[in-house]
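Let's work through a few short exercises together. Keep the structure open beside you and try each task before reading its solution.

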Amino acid sequence: MDGYIVNGGRPLSGEVEISGAKNAALAVLAATVITDTVSVIDNVPDIYDVNITLEILRDLGARVEKIGKNSVSIDTRSVDRFDVVHEKARSMRASYYFLGALIGRFGKAGVVLPGGCNLGPRPIDQHLKMFKLLGCSVEGEYGSVTVSTDRLTGGQVFFDIVSVGATINGILTAVRAEGLTVLENVAKEPHIVDVANFLNAAGADIRGAGTDIIKIRGVKEFKSVHYSVVPDQIEAGTYMVAGPATGGKIKVSRIIPKHLESVSAKLESVGCTLEEGDDYIVVSPAKTLVSTTIRTMPHPGFPTDMQPQFATLLCTANGTSAVYENIWDSRFRYTDELVRMGADIHVDGKVAVISGVPRLYPAQLRCWDLRAGAAMIIAAAMAEGVSTITDIHHVERGYENVVDKMRALGLDITRADIQ
Ligand code: EPU
C-alpha cells in the first residue's frame with residue numbers, strides 16, 4: 001500500500017510556494033461548461049480531484065488540453081452530454097457542480113450522488129431546494145440526481161444553512177436563468193468569489209459574491225477568457241501550522257494574506273509571531289506555545305478544513321485547548337491517531353479537549369480524510385523518530401507536490417510501499 005515514511009523531530013523551515021486552490025479550481029473547471037466557449041485556466045493544481053474533474057469534462061464531450069503542469073485549455077462548445085456517469089465522480093463531492101453547470105445549457109443534468117471525504121452525512125437538500133426554486137424538477141434523490149426544466153427562471157433563494165457547495169451551484173444555475181436571481185444566506189469563502197470572478201470575466205452578471213447576498217442576472221452569451229485560480233488558503237494554512245508545530249520558521253508565498261486572517265489570528269494567539277507582505281506571510285514559532293479555543297465557522301471564521309492541522313499543533317501547547325467542530329459531524333476520527341502518539345485528547349460530540357503534552361512519539365498512522373491526512377504529516381514531523389502514514393490517497397486528492405514541498409522545508413519524508 002502506498003504510504004509515507006517520515007523521520008521526524010526536526011524543525012520545518014524555509015519558503016514554500018502555494019498552489020492554486022483545489023476547491024476554487026473544481027468549481028471554475030465545472031463552470032467552463034456553462035460558457036459554451038474556450039477557456040484557458042491557469043494556476044490549476046495538479047491533484048487527483050482536479051484530474052477527475054478534467055476526465056468528467058472529457059466524458060461530457062469537452063476538448064481538454066493540458067498546456068503546462070498548471071494550465072489547461074477547455075473547449076466546451078463540443079459538450080453533448082448532460083449526465084455525469086464517470087465511475088470516479090461518486091468519489092468526489094464537487095461533481096455536483098456539474099448539475100448547475102449543465103442545467104443552463106441543456107435543460108437537463110444528472111450526476112451520480114457525490115461522496116468525497118469521510119466527514120459524516122453530507123446532505124444536498126439545499127442544492128435541491130435551490131434547483132426547485134429556479135424552476136427545475138428534481139428526481140431520484142438517492143443514488144443519483146437528475147434535474148430538468150423547460151424554462152430556467154430567476155428566483156429568490158434563502159438558504160437554511162450556509163453551504164459552500166449550494167452557493168456555488170446556485171451561481172452556476174442562475175447565470176443562464178431568465179431574469180434576476182437573489183441568493184441569500186450564502187457562503188463567502190474565497191472560492192465563491194473566484195468562481196463569480198471567472199464567470200463575470202466570461203460575461204456573466206453576478207454581484208455581491210463575498211457578501212451575504214448574491215444577485216445574478218441571467219445572460220445567454222459568454223466569451224472566451226484566460227483566468228487564473230486563486231491561491232489555496234487551506235494549503236497555505238497547513239504549512240503555516242507545520243512550521244511552528246515543529247519549532248521552525250516558515251514563509252508561505254504566492255498567497256492572499258487576507259484569506260488567512262482567522263488562521264493568522266489563531267497562530268498569534270498561541271504565541272507565534274507573524275510578518276505579512278502583499279503576497280506572503282512569515283510565521284515564526286512561539287517561544288512557549290500556549291493553548292487556545294477554536295470554533296470552526298463559515299468564512300471568515302476559522303475554517304473547518306484547518307481544524308485537524310491546528311488541533312495537532314495544540315497537542316504540545318502549554319495548557320488545555322478546546323476545539324469545537326461546527327461544520328461537519330464527523331471530523332475528529334484522526335484524534336485516535338494522535339492519542340496513539342501520546343497526545344491527551346478527549347472528544348465529546350462536537351468538541352475535542354486537548355491537554356498539552358511535552359512531546360509526541362512516532363507511530364503507524366493512517367489518514368482518515370484529506371485534512372486529517374495533512375495533520376498526520378505534521379504530527380509525524382513533530383515526533384522524533386520514524387512514523388509511517390497510510391491511506392495517503394486522501395492527502396494526494398488535495399495537496400500538490402506535498403512530498404517535494406515538505407522535503408524542501410527539511411522534512412525527511414519518503415513515499416514508499418508500506419505493508
Ligand atoms: N449541508 C446541508 N445541506 C446541503 C449542503 C450542506 O445540510 O444541501 C451541510 C453539510 O452537511 C455541512 C455544512 O452544511 O454540515 C457545510 O457544507 P458545505 O455545503 O458548505 O460543504 P461542501 O460544499 O460540501 C466544501 C468544501 C469542503 C469544506 C466545506 C466547508 C469543496 C469541494 N469542498 O464542501 O472541503 O470542508 O465546503 O468549508 O469545496 C476539503 O477541502 O477538505 C473539504 C472537505
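**Exercise 1.** How do the residues of the shell around the ligand divide into nonpolar, polar and charged?

*Solution.* Keep in mind that this is a predicted model. Start with the shell itself: 24 residues surround the ligand. Next, sort them by type: 11 are nonpolar, six are polar and seven are charged. Finally, look for the closest ones, which are Gln126, Ser163, Val164, Asp305 and Ile327.

**Exercise 2.** Find polar contacts of the ligand, then ask how much of the ligand the protein covers.

*Solution.* A polar contact here is a pair of N or O atoms within 3.5 Å. Begin with the backbone: a polar backbone atom of Ile327 lies 2.5 Å from an oxygen atom of the ligand. For Pro123, a backbone N or O atom is 3.4 Å from a ligand nitrogen atom. Now turn to a side chain: in Trp328, an N or O atom sits 3.0 Å from an oxygen atom of the ligand. As for cover, the ligand on its own has 830 Å² of accessible area, and the protein covers 90% of that.

**Exercise 3.** Which element gives the most residues to the shell around the ligand?

*Solution.* List the elements that give two or more residues: helices H1 (22-35), H4 (125-133), H5 (164-174) and H11 (370-382). Of these, H4 gives the most, with three residues.

**Exercise 4.** Describe the hairpin of S4 and S5.

*Solution.* First, check the direction: strands S4 (residues 63-66) and S5 (residues 72-75) run antiparallel, joined by four bridges. Then pick out one pair: Glu65 has Ser73 in S5 as its bridge partner. Last, inspect the five residues between the strands; in this hairpin, Gly68 takes a positive phi near 155°.

Terms used
Residues numbered from 1 in each chain as written. Predicted model: local features only at pLDDT ≥ 70, side-chain atom pairs only at ≥ 80, totals over all residues. Heavy atoms only, no water. Pairing = 2+ DSSP bridges. Near = heavy atom within 4 Å. Polar contact = N/O pair within 3.5 Å; in protein donor to acceptor, adjacent residues only side chain to side chain. Areas by Shrake-Rupley, 256 points an atom, 1.4 Å probe, with all protein chains shown as cover. Nonpolar A, V, L, I, M, F, W, Y, C, P; charged D, E, K, R; others polar.
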